[in-house]
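User: Could you take a close look at one part of this structure for me? I would like a connected account of a pocket and the strands around it.

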Amino acid sequence: MFVKVCGLSTPESVREAVESGADAVGFVLTASPRVVSPSQVSALLADVPERVSPIGVFRHEPVADAVAIARAAGLQWIQLHGARTREDIATVHDAGMKVIRAVTMDATRQEIEDWGEDLLLIDAAVPGSGETWDYAAMAEVPELQGRRWLLAGGLNPANVADASLKANAWGVDVSSGVEASRGVKDLAKIRDFVHAAKSDATV
């Protein structure tokens, strides 16, 4: 099970995610209670080993701006939310970067199709809200069969194993589900989440 812990902003939370076994760590570079600056991300990358993928998260920024900001932060991965096009994905790849394209659980089948992204992320209807949703509905979506995709939205240490199994997800992404308060990560919850997600993969 591939695990991404998102919305990190302190050296302690980054180290906890890495030491717990996360495969990717996310840094929010768009308006959010979890926003960090490119210079902050550059400093936080000191605690990220090569085996872990650091990812910059963007919402509505033009893709060219997202690429420039990610490059300034020292990132090679970009996660794009909002209304996007196949050309946006190609632009990121042309810049020599990898991309996660994020859609919501009510996306059309055309939006779920493979647009050439490296990973697809399927989130709650309101990303970042912490709201749970019908994860099992994803298990039978034809466009997801055999795909590498991440389940997100409302996940926490208590439900991640069951949710990922029901959705038949390749990986999971968490942010609010490992927080003590909005934007403030709980180190114990990060550890418990990663362990719960990884243990399900070995059952």
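Analyst: Happy to! Let's start at the second largest pocket, where strand 5 (residues 98-104) gives the most to the lining, with four residues. Please keep in mind that this is a predicted model. The space in this pocket comes to about 160 Å³. Its lining is made up of His 81, Gly 82, Ala 83, Arg 84, Arg 101, Ala 102, Val 103, Thr 104, Glu 111, Trp 115 and Pro 127. Sorted by character, these lining residues are five nonpolar, three polar and three charged.

Now to strand 4, which covers residues 77-80. In a regular strand, side chains point alternately to the two faces of the sheet. Strand 4 is covered on both faces: Trp 77 and Gln 79 are buried on one side, while Ile 78 and Leu 80 are buried on the other.

Strand 4 also has a partner in strand 3 (residues 53-58); the two run parallel and are joined by four bridges. Within this pairing, Gly 56 has Ile 78 of strand 4 as its bridge partner, and Ile 78 is among the buried residues just described. Lying across both strands is helix 3 (residues 63-73), which runs at about 145° to strand 4.

Finally, here is the wider setting. Eight strands, paired in parallel, close into a barrel in the order 1-2-3-4-5-6-7-8. From one strand to the next, the twist averages 25°. In that order, strand 4 sits between strand 3 and strand 5, and strand 5 brings us back to the pocket, with its four lining residues.

Key:
Residues are numbered from 1 along each chain as its sequence is written. This is a predicted model: local features need pLDDT of at least 70, side-chain atom pairs count only at pLDDT 80 or more; totals for chains, interfaces and linings use all residues. Side-chain values use heavy atoms; hydrogens and water are left out. Two strands pair if DSSP finds at least two bridges between them. Axes are lines fitted to C-alpha atoms, for helices over the stretch in contact, and angles run from 0 to 180 degrees between N-to-C directions. Contact means heavy atoms within 4.5 Å. On a 1 Å grid over the protein atoms alone, a cavity is a set of points where a 1.4 Å probe fits but cannot get out, and a pocket is an open set with protein on both sides within 12 Å along at least five of seven lines; lining residues have an atom within 4 Å of a point. Grid points are joined across faces, edges and corners, and a volume is the space filled by probe spheres set on the points. Ala, Val, Leu, Ile, Met, Phe, Trp, Tyr, Cys and Pro count as nonpolar, Asp, Glu, Lys and Arg as charged, and the others, Gly among them, as polar. Buried means under 20% relative accessible area, exposed over 50%, partly exposed in between (1.4 Å probe, protein chains only).
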